[in-house]
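Please examine the sequence and the model shown here before reading the briefing.

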Amino acid sequence: MRHATGIQDFGVEGLEEILTRALAWKQGKHPKHLVDTILGMVFFNPSLRTRASFEAVMARGGGSAIVLEVGNGVWKLEDRPGAVMDGDRAEHIREAAPVLSRYVDLLAVRTFAAGGGDAEDNADPVMNGFRTFATVPTLSMESAREHPCQGLADLMTARETFGSTKGLPVTLTWAPHIKPLPKAVPNSFLLTAAAAGCEVRVAHPEGFDLHDSVLEQARALAAQSGGSVSLTGDQGAAVEGSRVVYAKAWGPATSSGLGAESVKDHPDWIASPGLMAKAARDAIFMHCLPVRRNVEVADGVLDGPWSRVVDEAENRFHVQRSLVQWLLEA
Amino acid sequence: MRHATGIQDFGVEGLEEILTRALAWKQGKHPKHLVDTILGMVFFNPSLRTRASFEAVMARGGGSAIVLEVGNGVWKLEDRPGAVMDGDRAEHIREAAPVLSRYVDLLAVRTFAAGGGDAEDNADPVMNGFRTFATVPTLSMESAREHPCQGLADLMTARETFGSTKGLPVTLTWAPHIKPLPKAVPNSFLLTAAAAGCEVRVAHPEGFDLHDSVLEQARALAAQSGGSVSLTGDQGAAVEGSRVVYAKAWGPATSSGLGAESVKDHPDWIASPGLMAKAARDAIFMHCLPVRRNVEVADGVLDGPWSRVVDEAENRFHVQRSLVQWLLEA
Amino acid sequence: MRHATGIQDFGVEGLEEILTRALAWKQGKHPKHLVDTILGMVFFNPSLRTRASFEAVMARGGGSAIVLEVGNGVWKLEDRPGAVMDGDRAEHIREAAPVLSRYVDLLAVRTFAAGGGDAEDNADPVMNGFRTFATVPTLSMESAREHPCQGLADLMTARETFGSTKGLPVTLTWAPHIKPLPKAVPNSFLLTAAAAGCEVRVAHPEGFDLHDSVLEQARALAAQSGGSVSLTGDQGAAVEGSRVVYAKAWGPATSSGLGAESVKDHPDWIASPGLMAKAARDAIFMHCLPVRRNVEVADGVLDGPWSRVVDEAENRFHVQRSLVQWLLEA
């Protein structure tokens, strides 16, 4: 039985298969590949884009989705073995995951960082608990550590623009925001671009390092795919000659490190037309959305010739139905 | 591409087409006219009746609905061009509307008055933003200014009772409530009745005028359809000989004018059996629901021979599937 | 027209019919018995298991579900005849139930105890209001008094394990919890087991009596089915030789009686491997879930050879589709 809670589940080879089918299916009629198939979607954190795109995947494919929005803290799951459950966690994942597995054919889970620090986020206990105790294929709709569907949509967008992503120079650049954000999206762009063979450049101010385990995994994937990963604190140098500029706000390296306000301390890191002018002449701009205009990214970029942000969001649909197919056909 | 965010989108001619088909389809088997069609429903304000009736439209027609309940303020959209988005509005309608358009075949939006006053409500920025930036047909499930589906259901109910609405004397009367309510429903009853050729009488206490732009539009529609619009502060005189009595609570003319409590200052405006006795002998009573019994409308009216409120609610289903058909066949 | 808001609606004979079909359908392919059928689900209280299992019933059967989550107090319904509705109850059940009935083919309602005491809970005004004013078959997804679908799933689990439930010794034992819980689940286990002909033993500490009307009804059902009902304050004696041990936390007999904290006063009532050792050698353990591990039930029971809790949850799906069939075929 396959799962897809992180890129390690499909790797370089699965990525190729999923993107190839997604691109092919985008050109044709909707295949009815999900008749009599139910996807159970469990949201510990709210979602609109992810929810709408997965519901569309199931409806277009002839299947259906059951959406369980458990909200922040409304339904807290216990994941620790042997716990005496006398606190606010009313159900153990040892019951929740197998029970839901009896009603549906696949489980999709969204759960964000719990605020326990970077090490705990990286261990991703809720997502890994579902993976362990579910008896149907389980996929991530974003967790504390990764957002694999977003990474797939990002690379599909690069692939449909440039044909190939082998050796493609791409920059993941940190962007300012009004508050610290989780690292799942930048992690997944980095990992997926590395697995797709890109020359990945990561630019961020001091103190905003991605987690070591993610960087190591990205380098290992790049080694397999013929790509590379480099880090810099110089945004302009990173973008120089890049054919993809990917901007994203994320929080400081450690929760005990830089404070919440520090994300506003680098307003010059905004993605601007001036920055895009340094990129390759055919460069495209991507962002996972939602985006705070004129804080993270200037209007001139989003409304300019570079922007692929709406296509990128559409591609969530295409990669997700290909991923669901990959999960089911094992 | 057609939209239906207000009566101006279909006008006198479209109204006739939509009602005629709704009445015909009510008599027969459910047509499977929505196979492979997805309706995206975006609720900025909660709904039960509207949501249930639209989901039923899609299910009965063979299609499906995706419901996005964004709640009050949970997901605030920016609509101003050039805004620096450093406040509580986390996404611009320039991204939200085109992205959702990539997942669905039609978009339906509900958004209430924002409390910025009658002029702002009348400009209806969120609904008009979706209309502008969506790339699929967009329809209103009630906005600050209009509730076109309710108006259609109201006139369908009059039409199925009396055969024709040409020259039909109908009264829209203000009713008391425990708090001020939006004007979208009375606006839409007035506009749709005028477009259907009714002799529309509007009765309300001083200070509860509907917006000038709505009254002007109603008069223009009446001029086209052969109907008429008159205003009065005398409820009994208005109802005299009316064949439809439509009661609805709404708030004062301007938010800076009369206070919240003033809606309770006219308890004698309750719709009562005594009032109904002044109407025509075959008069029917309508209300959009929910209704506060014995505050807005007396039990004797709702449980009496005049009431068509449940049929009127059922007709939401019938006019909505006809409206969806109208949107898709353009 | 049939309803199923409590066991009185189907009784000993209907129980047999519903369980027999549920067991048969569990062995075969999903029947497409619900094509063009819409279930409206109204949740006054949140749910995950019930919601997911009913949505799966409708999707597997070829129909669809409309989920209306009205939350706690968001949409309070008035049920009193003649009420002047100037408080927080914005709609009367006399409108809500018939209107929803126009959109769907069946209505399912979940509403918990309102905190007005055991007598009010037992009268179950919201569930009975829907039953009275709906014009389509209405079923309970748990109310203040009963949770008939849970009772059906429980007895299906006993039936599939032991073949027959005639004369089967089963114990319903109270369990400790961090707060008082409603009695609908223990009530329904008791009533359904009695109707299935079991020798039902109920064990609880002093002050936690079930309602007299429920006990009387259980004894009447036992008299019809050849079963029996006995009460004891000695948990070990009850479990002695039982082939089913059913643990469940519930609150004190009267809200004005024992306080909230008292449910923690009997930690020794936890369902433990030691307790299970007193049961019959082939005994099974059941709980409706969610369960607080090591408060209500020890890990050793839930992870041991006795536990059927996940099968029991799966059986919610099977009994519910059989119950829906029973409602529709009348």
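The briefing below begins with the model as a whole and then treats chain A, the contacts between chains, one helix and the core.

This is a predicted model, in which local features need pLDDT of at least 70 and side-chain atom pairs count only at pLDDT 80 or more, while totals for chains, interfaces and linings use all residues. Residues are numbered from 1 along each chain as its sequence is written, and chains are lettered from A and ligands numbered from 1 in the order in which they are written.

**Chain A as a whole**

- The secondary structure of chain A consists of twelve helices and eleven strands; helices (H or I, at least four residues) and strands (E, at least two) are DSSP runs, numbered from the N terminus.
- The C-alpha trace of chain A spans about 55 × 50 × 35 Å along its principal axes.
- Chain A has a radius of gyration of 19 Å, which agrees with the value near 20 Å for a compact globule, because the chain has 330 residues. The radius is taken over C-alpha atoms, and the globule rule is 2.2 Å times the number of residues to the power 0.38.
- Of the 330 residues in chain A, 56% are buried. A residue is buried if 20 or more other C-beta atoms lie within 10 Å of its own, exposed if 12 or fewer, and partly exposed in between, with C-beta atoms placed from the backbone.
- Among the contacts in chain A with a separation of 6 or more, 81% join residues 24 or more positions apart; two residues are in contact if their C-beta atoms, placed from the backbone, lie within 7 Å.

**The two domains of chain A**

- Chain A is divided into domain 1 (7–146 + 314–328) and domain 2 (150–312), with bounds that come from an automatic or database domain assignment.
- The C-alpha centres of domain 1 and domain 2 of chain A lie 24 Å apart.
- In chain A, 26 residues of domain 1 are in contact with 29 residues of domain 2.
- On the side of domain 1 of chain A that touches domain 2, α1(A) gives the most, with seven residues.

**Contacts between chains**

- 22 residues of chain A are in contact with 21 residues of chain C.
- α3(A) gives the most to the side of chain A that touches chain C, with six residues.
- That side of chain A divides into 14 nonpolar, four polar and four charged residues. Ala, Val, Leu, Ile, Met, Phe, Trp, Tyr, Cys and Pro count as nonpolar, Asp, Glu, Lys and Arg as charged, and the others, Gly among them, as polar.
- 21 residues of chain B are in contact with 22 residues of chain C.
- α2(B) gives the most to the side of chain B that touches chain C, with six residues.

**Helix α2 of chain C**

- The end C-alpha atoms of α2(C) (residues 49–60) are 16 Å apart, which agrees with the span of 16 Å expected for twelve residues at 1.5 Å a residue; the expected span is 1.5 Å times one less than the number of residues.
- Twelve of the twelve residues of α2(C) are buried, including Phe54(C) and Glu55(C).
- Gly62(C) follows α2(C) and has a positive phi, near 95°.

**The nonpolar core**

- The largest nonpolar core has 325 residues, and among those that touch the most other members are Leu190(A) and Ala194(A). A nonpolar core is a set of buried Ala, Val, Leu, Ile, Met, Phe, Trp, Tyr and Cys residues joined through C-beta atoms within 7 Å.
- Not counting residues up to four places away in sequence, Ala194(A) touches seven residues, among them Val200(A), Leu221(A) and Val229(A).
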